[in-house]
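Please look through the sequence and the structure shown here before reading on. The paragraphs below are meant to be read with both at hand.

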Amino acid sequence: MDAATVARLKRSMRLESERTGPPDGFPKLPVIPAGRYVDPEFLALENEWLWRKAWLYACHADELPEAGCFRLFRRTGSPILVMRGKDQVVRAFYNTCRHRGAPLVTACSGKVEGLVCGFHGFTYSLDGQLVGLRDRRDFVGLDMADFPLAPVRCESFGNWIFINEDPDADPLLEHLGLIPEYLEQIQPSQVRFVNRRSYHVKCNVKVLLEAFLEVYHLKTMHANSADRFLDYRGSTIVLWPRGHSLMLTPNRNPEWQDPGTRGMRRIGTATEIIVSNNLSLNFYPNLVTPVDATGNPFLLFWPAGPREMDIEVAWFAPDWGGVELDPLWETRLANFERILEEDTRFAEQIQESVESSAYRGNTLNYQERRIYHWHEELDRRIGRDRIPERFRIEPVLGPWVAD
Ligand code: FES
Ligand SMILES: [Fe+2]
């Protein structure tokens, strides 16, 4: 992040705390219809056009340390195997035998020498080629070269591995736009994997995701935690193309240091933007990361049905150079979990309200514009013509999106 960007962001936080209303010309944001959170017809469109065509975080390179290490990813409903090959390349395939569709692996993660289908024994190499099958004489005209495992796009940003079921998707780094530039300071190719944990919540995935796209709720939901050190009124937002966005919230006191991170290893390349403020990025659609010099979590919001979701939290830290993790991480993770509990407190009741016939939809203010931006991108991806009028939202934020 260059000095000009740092200066621009600092100025913009100052302007936000001094303003008396939204900037001139900022539009009234139309209501987001409640049906977008409950209606099966809308959710089917979302599933087909968003989740099955998006770049989604799968795992960290440390989770696949050796050839044959794999993880099974099933967040989109398709079984996807992410695996390190003998050539050290990480690839993704559908976990689906080309004979009659049985799985090649059944565990969530592990290590294998090769892939042998448990049904009739078709055998695949670690790079997905069919290399053996029993009773070949009985398959008429079968050429093994025509039956590799079906590939899934798999690309990395630093040590973070993403997959995309859309073979025609733009390359990951092109999709991420300016995000890598903002994260350079935490050295994405050096960050190590700390741990991951998943929490199940009974609400539509968007209900909870949206709580992480604004800080308007700090004063009430986090009165005894985040609000004590963050000044939400100075928060500045950048909306980017493709639905991504940034939110930067100043610390009430620039000298303040989170007691929960005291004594932890800090990355030397961190700028004052992440040292004296809270920087949070949304990689569209479902990854939110608050960035810190001592490490950052990826908060991943996964649909698990129309009214169910999982929030998965994967933590990363600057390379600590050894095997043993600093025991201070235990407190760090526990502190974070407390804040997460605050954030999820109303999610199930909100879902209940959204499903009641009285509820029309969400009314957003200027501070909540990242949520509207998120929904505009959703309609763009689905294709406005495919969306029944009662669920569609008017695109109004175009002029407020940065190049
Ligand atoms: S389904 Fe895999 S070998 Fe038959
Ligand atoms: Fe929150």
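What follows goes from the metal site to the salt bridges and then to the cavities.

The model is a predicted one, and a good place to begin is the iron ion, ligand 2, whose protein donors are His217 through NE2, His222 through NE2 and Asp343 through OD, lying 1.9 to 2.1 Å from the ion. Written along the sequence, the spacing of these donor residues is H-x4-H-x120-D. Two of the donors come from distant parts of the chain, since His217 sits in the loop between α5 (205-211) and α6 (218-221), whereas Asp343 belongs to helix α9 (residues 328-344), 126 residues apart. Are these two residues buried or exposed? His217 counts as buried because its relative accessibility is 12%, which is under the 20% limit for that class, and Asp343, with a relative accessible area of 7%, is buried as well.

The next topic is charge, where one general idea helps: side chains of opposite charge can pair when their charged atoms come close. By the rule used here, the count comes to 28 salt bridges. One of them joins Arg390 to Glu41, with the closest N and O atoms 3.1 Å apart. Arg390 lies in the segment after α11 (369-382) and Glu41 in helix α2 (residues 40-49), so this pair ties together parts of the chain that are 349 residues apart in sequence. Arg390 is exposed, at a relative accessible area of 51%, while Glu41 counts as partly exposed, at 41% relative accessibility.

A further salt bridge is formed where the side chains of Glu63 and Arg196 meet, at 2.9 Å from N to O. Here Glu63 is found in the loop between β2 (56-60) and β3 (69-73) and Arg196 in strand β12 (residues 192-201), so parts of the chain that are 133 residues apart in sequence are tied together. Glu63 counts as buried, at 14% relative accessibility, and Arg196 as partly exposed, at 21%. Both residues also belong to a network of salt bridges, in which Glu63, Arg71, Arg75, Arg196, Asp310 and Glu312 are linked.

How far apart in helix α11 are Glu377 and Arg381? They lie four residues apart, about one turn of the helix, and they form a salt bridge whose closest N and O atoms are 2.9 Å apart. Glu377 is buried, and so is Arg381.

The last topic is empty space, which is revealed by rolling a probe the size of a water molecule over the atoms. A search of the whole structure finds two cavities of 30 Å³ or more. The largest cavity has a volume of about 50 Å³, and 13 residues line it, of which Trp55, Leu56, Phe162, Phe283 and Tyr284 lie nearest its centre. Both β2 and α3 (172-176) supply at least two residues of this lining, and α3 gives the most, with three residues. By class, the lining of the largest cavity divides into 11 nonpolar residues, two polar and no charged.

The second largest cavity has a volume of about 40 Å³. Its lining is made up of Ile186, Val191, Ile267, Asp292, Ala293, Gly295, Asn296, Ala317 and Pro318, and these divide into six nonpolar, two polar and one charged residues.

Terms used. Residues numbered from 1 in each chain as written. Chains lettered and ligands numbered in written order. Predicted model: local features only at pLDDT ≥ 70, side-chain atom pairs only at ≥ 80, totals over all residues. Heavy atoms only, no water. Salt bridge = Lys/Arg side-chain N within 4 Å of Asp/Glu carboxyl O. Buried < 20%, exposed > 50% of the residue type's maximum accessible area, 1.4 Å probe, protein only. 1 Å grid on protein atoms, 1.4 Å probe; cavity = no way out; pocket = protein on both sides within 12 Å on 5 of 7 lines; lining within 4 Å. Points joined across faces, edges and corners; volume = space filled by probe spheres on them. Nonpolar A, V, L, I, M, F, W, Y, C, P; charged D, E, K, R; others polar. Donors = N, O, S within 2.8 Å, 3.2 Å for Na, K, Ca; no water.
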